[in-house]
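This report walks through one protein model, from a helix pair to the sheet and then to single residues. Keep the sequence and the 3D view at hand.

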Amino acid sequence: MSKKKRVGEAIKGVVTIMMDRVMNNVLINDPFIKEKHHSAKPLYAALVPDEIFKGAHFERRFVTPFGGVWEKLSQVAALEAHGHCSMGHKIDGVIGSESLRRIQEVLNSLETKTKGKEKAKPDWSKELEYIQEGGGEPIPVSVTCDIFIHNKETNTKYAFELKAPLPNSDQTKVSKEKMFKLLAMNPKQVDFAYYALAYNPYGKKSDYKWTFPMRWFNMHEDESVLIGNEFWDLIGGLGTYKTFVSEVNKLGKEYRERIYREFLEIEPPEDINDELLK
C-alpha cells in the first residue's frame, strides 16, 4: 500500500471511529425521547417544534467526541510522513530574560496603541529577529504545543499551534506567545514553529479574511502561518490535503444520509451533497 493510500486510510479510520461513536450514542445509548422532552420542558414543547430540540440533542453529543479532531487527524497523517508525532507535547528550554521581556513588548504593541504612534502591524520575521537578539539572564521555560513532529531521518523538529478555521483573538495571542518562546530558546529545541489553521473556508490563503487572528499575524504573508493545504502537505506530504478532503467528503455522504434516515427519521433532501469540503 502506498504512503498516500495509508494516509487516506488513517484519516478515514479516525473520522469513522468518532462518527460511529456519535451514532451509537444518539441512536442507542442516549436517544432523543419526545415524551421525556415534553415532560421536562412543557413550555418549550408547546412553543417550539420537537425537531429543533432533537437537532440540539444531536449537536451536544457530536461536539464532545470530536474535541481535538484536528489534532488526531494531523497525528495520523504526520506519523506516515515523519515517523513521530505527538499531541499536547511539552517542550522545556531556556530563554534570556531580555528576550522574554521583548516577547511581551511585541505582544503589547499589537494589542494596544501607544500614544503618539500608529498601532503596530504584525510582521513575524522582524518581531522574531528582535526577540532572538534580546538575550539576557537564562530563565527556564516550558511550552506545551498542540502538535510536535520530529523527523528523525532529517533530525528536524516542528511545533504547531493548530486551530479551527475561525479562531478568536485571545487564543491566537496565546499561540503567538508560545511560538515566540519556542524559537527564542537557547539552545534551540525546535527548528520551526507554525500557527496553523486546519481548513480555509475562504478558499485561497490570499482571500482569508477572518479578522481576529489578523490582529496578531499577517495571515497572508507571515511565513509562520499555514492555512489549509499548506499545513496538511507539510505534515503528511504533497497531496495530503486532497486526500483529507476526499476521505471526509466520502464519509460525509454516508453519515449525512444515515442521520437523516435513522436519527431525524426523514428522507434526505435532494441537495444533501451540496455541503462539501473543498
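## A helix pair

In this predicted model, helix 5 (residues 69-82) packs against helix 10 (residues 229-236) at an angle of about 40°, and the two axes are 7 Å apart. Helix 5 is therefore oblique to helix 10. Two packed helices are described by just these terms, the angle between their axes and the distance between the axes.

Which residues make the contact between helix 5 and helix 10? Helix 5 contributes Trp70, Leu73, Ser74, Ala77, Ala78, Ala81 and His82. From helix 10 come Phe231, Trp232, Leu234, Ile235 and Gly236.

## Overall layout

The protein has 278 residues, and 42% of them count as buried. Its secondary structure comes to 11 helices and 5 strands. The C-alpha trace spans about 65 × 55 × 35 Å along its principal axes.

How much of the contact set joins residues 24 or more positions apart? Among contacts with a separation of 6 or more, such pairs account for 73%.

## The sheet

The sheet is open and has 5 strands in the order 1-2-3-4-5, with mixed pairing. Strand 1 and strand 5 stand at the edges. Each has a single partner strand, so one side of each is left without a neighbour in the sheet. Neighbouring strands are turned by 45° against each other on average, direction ignored.

Two helices meet this sheet. Helix 6 (residues 97-111) packs on the sheet and touches strand 1 and strand 2. The direction of helix 6 makes about 115° with that of strand 1. Helix 8 (residues 169-184) lies across strand 1, strand 2, strand 3 and strand 4. Relative to strand 4, helix 8 runs at about 165°.

## Strand pairing in detail

Strand 1 (residues 85-96) pairs with strand 2 (residues 138-151) in the antiparallel sense, over 11 bridges. Within this pair, aspartate 92 stands opposite serine 142 in strand 2. In a regular strand the side chains alternate between the two faces of the sheet.

Strand 2 also runs antiparallel to strand 3 (residues 156-163), and 5 bridges join the two. Histidine 150 stands opposite lysine 157 in strand 3. Asparagine 151 stands opposite threonine 156 in strand 3. The hairpin of strand 2 and strand 3 has 4 residues between the strands. There, asparagine 155 takes a positive phi near 55°.

## Cysteines

How many disulfides does the model hold? The count comes to 0. Take cysteine 85: the closest cysteine sulfur, in cysteine 145, is 9.1 Å from its own sulfur. A disulfide needs the two sulfurs within 2.5 Å, so 9.1 Å is too far for a bond. The view from cysteine 145 leads back to cysteine 85, again at 9.1 Å and again too far for a bond.

Are these two cysteines buried or exposed? Cysteine 85 counts as buried, at 5% relative accessibility. Cysteine 145 is buried too, with a relative accessible area of 1%.

## Lysine 205

Lysine 205 is found in the loop between strand 4 (192-197) and helix 9. Is lysine 205 buried or exposed? Its relative accessibility is 19%. The cut-off for buried is under 20%, so lysine 205 counts as buried.

What does the side chain of lysine 205 reach at 2.9 Å? The partner is the backbone oxygen of valine 225. A polar contact of 3.2 Å also joins the side chains of lysine 205 and glutamate 230. Leaving out residues up to four places away in sequence, lysine 205 touches Asn200, Met219, His220, Asp222, Val225, Ile227 and Glu230.

## Serine 224

Where does serine 224 sit? Its place is in the loop between helix 9 (211-214) and strand 5 (225-227). Serine 224 has a relative accessible area of 2%, so this residue is buried.

Beyond its neighbours within four places in sequence, serine 224 is in contact with six named residues. They are Trp124, Met179, Ala193, Tyr194, Tyr195 and Phe217.

Terms used:
Residues numbered from 1 in each chain as written. Predicted model: local features only at pLDDT ≥ 70, side-chain atom pairs only at ≥ 80, totals over all residues. Heavy atoms only, no water. Buried < 20%, exposed > 50% of the residue type's maximum accessible area, 1.4 Å probe, protein only. Contact = heavy atoms within 4.5 Å. Pairing = 2+ DSSP bridges. Polar contact = N/O pair within 3.5 Å; in protein donor to acceptor, adjacent residues only side chain to side chain. Axes fitted to C-alpha atoms, helices over the stretch in contact; angles between N-to-C directions. Parallel < 35°, antiparallel > 145°, perpendicular 65-115°, else oblique.
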